[in-house]
Amino acid sequence: MDYFTSDKIIEPARGDLLISEPYLPDPNFERTVVLLCEHDDNGTFGYVLNKRSGFTLSEVVKDVSLLDSDVYVGGPVQKDSLHFIHRIKDFSDEEKEIMKDVYWGGDFEDLISKIDTGQVPKGDIKFFLGYSGWSSGQLMDELEQKSWIVCKGVDQSIVFDVAPERMWRTVLRRMGGKFKMIADYPIDPRMN
């Protein structure tokens, strides 16, 4: 994993992670890890990987009683919309590769059918209500304000295999150096 270590802001890209600074005052992004699905001149969007919604897919979507997968809060934008990422190669013509072995979207009905017939393990999919979005230039402004740490070179095991409650700390610790120390900052700075 790579990250920025100087005052120079490195342009994030699809497949990078945004790690919230330890004391980011926005409750939507407190101690979050966001997977970027798109970043270009039109803006940026991605999904918060480590914030459970408290719902399972079968509670959110009718006729999906066999799947008890957690649904995550993808971000504060359009919280009434359902999205998914997966690591199922050649699953659909509609999917878009975000990073090596991680894809966004595809045919939802086909996905449910494959899950119901046991062709796809539930650990290979993450579902989200809403998404995180930034207008053109907005994320770069937030990076200049040091609200986020950019992590590059992440593999799919971070996205799917690290427990959500440990993800923020795990990614920072793996980054090493000063980031390993940041991982142990208390949630309330007065507790330091």
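In this predicted model, Ile-85 stands opposite Trp-104 of strand E9. The two strands involved, E7 and E9 (residues 102–104), run antiparallel and are joined by 2 bridges. E7 also pairs with E10, again in antiparallel fashion, through 6 bridges. Within that second pairing, Val-77 has Tyr-131 of E10 as its bridge partner.

Strands E7 and E10 also serve helix H2. Three residues of H2 (residues 108–116) are buried: Leu-111, Ile-112 and Ile-115. They lie on the same side of the helix, because the arc they cover around the axis is only 95 degrees. An α-helix has 3.6 residues a turn, so residues three or four places apart point the same way. The cover over the buried residues of H2 includes strand E7 (77–86), strand E10 (125–135) and helix H1 (57–60).

Both ends of H2 have a local feature. At the N-terminal end, Asp-107 acts as the cap. A side-chain oxygen of Asp-107 lies 3.0 Å from the backbone nitrogen of Glu-109. After H2 comes Gly-118, with a positive phi near 75 degrees.

Aromatic contacts come next. The whole structure contains 11 aromatic pairs. One of these joins Phe-29 and Trp-134, with ring centres 6.0 Å apart. Their planes meet at 25 degrees, so the pair counts as stacked. Phe-29 belongs to the loop between E2 and E3, whereas Trp-134 belongs to strand E10, so the pair ties together parts 105 residues apart in sequence. Phe-29 and Trp-134 are both buried.

Phe-45 and Tyr-131 form an edge-to-face pair. Here the centre-to-centre distance is 5.9 Å, and the planes are 80 degrees apart. Phe-45 sits in strand E4 (residues 43–48) and Tyr-131 in strand E10, so this pair ties together parts that are 86 residues apart in sequence. Phe-45 is buried, as is Tyr-131. Both residues are members of one aromatic cluster, together with Tyr-47, Tyr-72, Trp-104 and Phe-128. Two cluster members recur in the strand pairings: Trp-104 opposite Ile-85, and Tyr-131 as the bridge partner of Val-77.

Backbone angles were also examined. Most residues other than glycine have a negative phi, and most peptide bonds are trans. Arg-31 has a positive phi, near 55 degrees, and is not a glycine. The loop between strand E2 (17–20) and strand E3 (33–40) holds Arg-31. With a relative accessible area of 10%, Arg-31 is buried. Lys-146 is another non-glycine residue with a positive phi, about 60 degrees. Its place is the loop between helix H3 (138–144) and strand E11 (148–152). Lys-146 counts as partly exposed, because its relative accessibility is 41%.

The cysteines form no bond. The number of disulfides in the structure is 0. Cys-37 takes part in none, and the nearest cysteine sulfur, in Cys-151, is 15 Å away. That separation is too far for a bond, so the sulfur of Cys-151 has no partner in Cys-37. Cys-37 is buried because its relative accessibility is 1%. Cys-151 is buried too, at a relative accessible area of 0%.

Terms used
Residues numbered from 1 in each chain as written. Predicted model: local features only at pLDDT ≥ 70, side-chain atom pairs only at ≥ 80, totals over all residues. Heavy atoms only, no water. Buried < 20%, exposed > 50% of the residue type's maximum accessible area, 1.4 Å probe, protein only. Helix = DSSP H or I, 4+ residues; strand = E, 2+ residues; numbered from the N terminus. Arc of directions from axis to C-beta. Contact = heavy atoms within 4.5 Å. Polar contact = N/O pair within 3.5 Å; in protein donor to acceptor, adjacent residues only side chain to side chain. Pairing = 2+ DSSP bridges. Disulfide = S-S within 2.5 Å. Phe/Tyr/Trp six-rings, centres within 6.5 Å; stacked < 30°, edge-to-face > 60°.
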